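The following exercises concern a single protein chain. Each task is followed by a solution in steps.

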Amino acid sequence: MWIKVVIILCLLVVFSGARTDDSISAVEKLDPELRALLQQEMRAIEAGMKDMLTFSAAGDFKQVENLARQIENSFILKQKLTDQQMHQLHTLLPADFLQQDQQFHYYAGMLQHVAANKKPELVAFYYSQLLESCGNCHQVHAQHRFPHFKAQPKADVHAH
């Protein structure tokens with residue numbers, strides 16, 4: 001009888017999609033307060049990105065410039081992080097995450113620059129770079145929040 005119970009419990013664990021510590025992302029391992037700040041930052045960036053699209057389409061490059069500056073300087077994180085939380089970010093998050101974050105903020109700075117110079121084609125380019133950066137980071141580091149980024153099985157290139 002006990003063997004059946006153990007087997008059933010094991011099967012439930014296997015088929016329930018239970019995740020091991022290895023499958024939990026570094027972001028998920030952050031302190032809950034720090035994760036909340038990070039989520040708040042992401043929502044501010046999302047709103048800024050949406051607004052930039054609207055302002056860009058209207059030719060309001062001053063507003064695009066202002067929003068890009070806010071994103072480059074971080075809406076929330078730089079203002080609200082304690083030294084301990086900053087240390088946690090730099091020790092728990094993988095180097096790739098930090099590099100992608102640095103690249104994202106670089107693109108925001110470039111977007112700010114080209115918007116200040118009223119270069120619509122370059123505004124569109126750097127906006128697309130920012131958007132691509134978001135997707136790349138979410139695909140690697142936030143599949144728990146963005147399940148559509150889960151890897152799709154590769155098609156057999158030899159199939160006819």
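**Exercise 1. Charged side chains in helix H3**

How many residues apart in helix H3 are Arg69 and Glu65, and about how many helical turns separate them?

Solution. The model is a predicted one, in which local features need pLDDT of at least 70 and side-chain atom pairs count only at pLDDT 80 or more, while totals for chains, interfaces and linings use all residues. Residues are numbered from 1 along each chain as its sequence is written, and side-chain values use heavy atoms, with hydrogens and water left out.

Step 1. Arg69 and Glu65 are four residues apart in helix H3, so about one helical turn separates them. Helices here are DSSP runs of H or I with at least four residues, strands are runs of E with at least two, and both are numbered from the N terminus.

Step 2. The side chains of Arg69 and Glu65 form a salt bridge with an N to O distance of 3.1 Å. A salt bridge requires a side-chain nitrogen of Lys or Arg within 4 Å of a carboxyl oxygen of Asp or Glu.

Step 3. Glu65 also forms a salt bridge with Lys62, where the closest N and O atoms are 3.5 Å apart. Lys62 and Glu65 are three residues apart in helix H3, about one turn of the helix. Salt bridges thus link Lys62, Glu65 and Arg69 in a network.

Step 4. Glu65 has a relative accessible area of 11% and is buried, whereas Arg69, at 30%, is partly exposed. The classes are buried for under 20% relative accessible area, exposed for over 50%, and partly exposed in between, with a 1.4 Å probe and protein chains only.

**Exercise 2. The salt bridge in helix H2**

Classify Lys50 and Glu46 by accessibility, and describe their salt bridge.

Solution. Step 1. The structure holds three salt bridges. In one of them, the side chains of Lys50 and Glu46 meet at 3.5 Å, N to O.

Step 2. Lys50 and Glu46 are separated by about one helical turn, because they lie four residues apart in helix H2.

Step 3. Lys50 is exposed at 52% relative accessibility; Glu46 is partly exposed at 44%.

**Exercise 3. The aromatic cluster**

Which residues do ring pairs link into a cluster?

Solution. Step 1. A pair of aromatic rings is described by the distance of the centres and the angle of the planes. Rings of Phe, Tyr and Trp (its six-membered ring) pair if their centres lie within 6.5 Å; planes under 30 degrees apart are stacked, over 60 edge-to-face, and the rest tilted.

Step 2. There are three aromatic pairs in the structure. For Tyr106 and Tyr107, the ring centres are 5.8 Å apart and the planes stand at 55 degrees, so this pair is tilted. For Phe125 and Tyr126, the centres are 4.9 Å apart and the planes stand at 80 degrees, so this pair is edge-to-face.

Step 3. Ring pairs join Tyr106, Tyr107, Phe125 and Tyr126 into a cluster.

Step 4. Within the cluster, Tyr107 is buried at 15% relative accessibility and Tyr126 is buried at 13%. Tyr106 is partly exposed at 46%, as is Phe125 at 40%.

**Exercise 4. Helix H7 and its cover**

Check the length of helix H7 against its expected span, and place Gln129 within the helix.

Solution. Step 1. The expected span of a helix is 1.5 Å times one less than its number of residues. For the 22 residues of H7 this gives 32 Å, and the end C-alpha atoms are 31 Å apart, which agrees.

Step 2. Gln129 lies in H7, which covers residues 120–141. Gln129 is buried, at 16% relative accessibility.

Step 3. The side chain of Gln129 makes a polar contact of 3.1 Å with the side chain of Tyr107. A polar contact is a pair of N or O atoms within 3.5 Å; within protein, one must be able to donate a hydrogen and the other to accept it, and residues adjacent in sequence count only if both atoms are side-chain atoms.

Step 4. Other buried residues of H7 include Val123, Leu130 and Cys134. Their cover includes helices H2 (32–57), H3 (61–72) and H6 (95–116), contact meaning heavy atoms within 4.5 Å.

**Exercise 5. The whole chain**

How many helices and strands are there in the chain?

Solution. Step 1. The chain has seven helices and zero strands.

Step 2. Of the 160 residues in the chain, 31% are buried.
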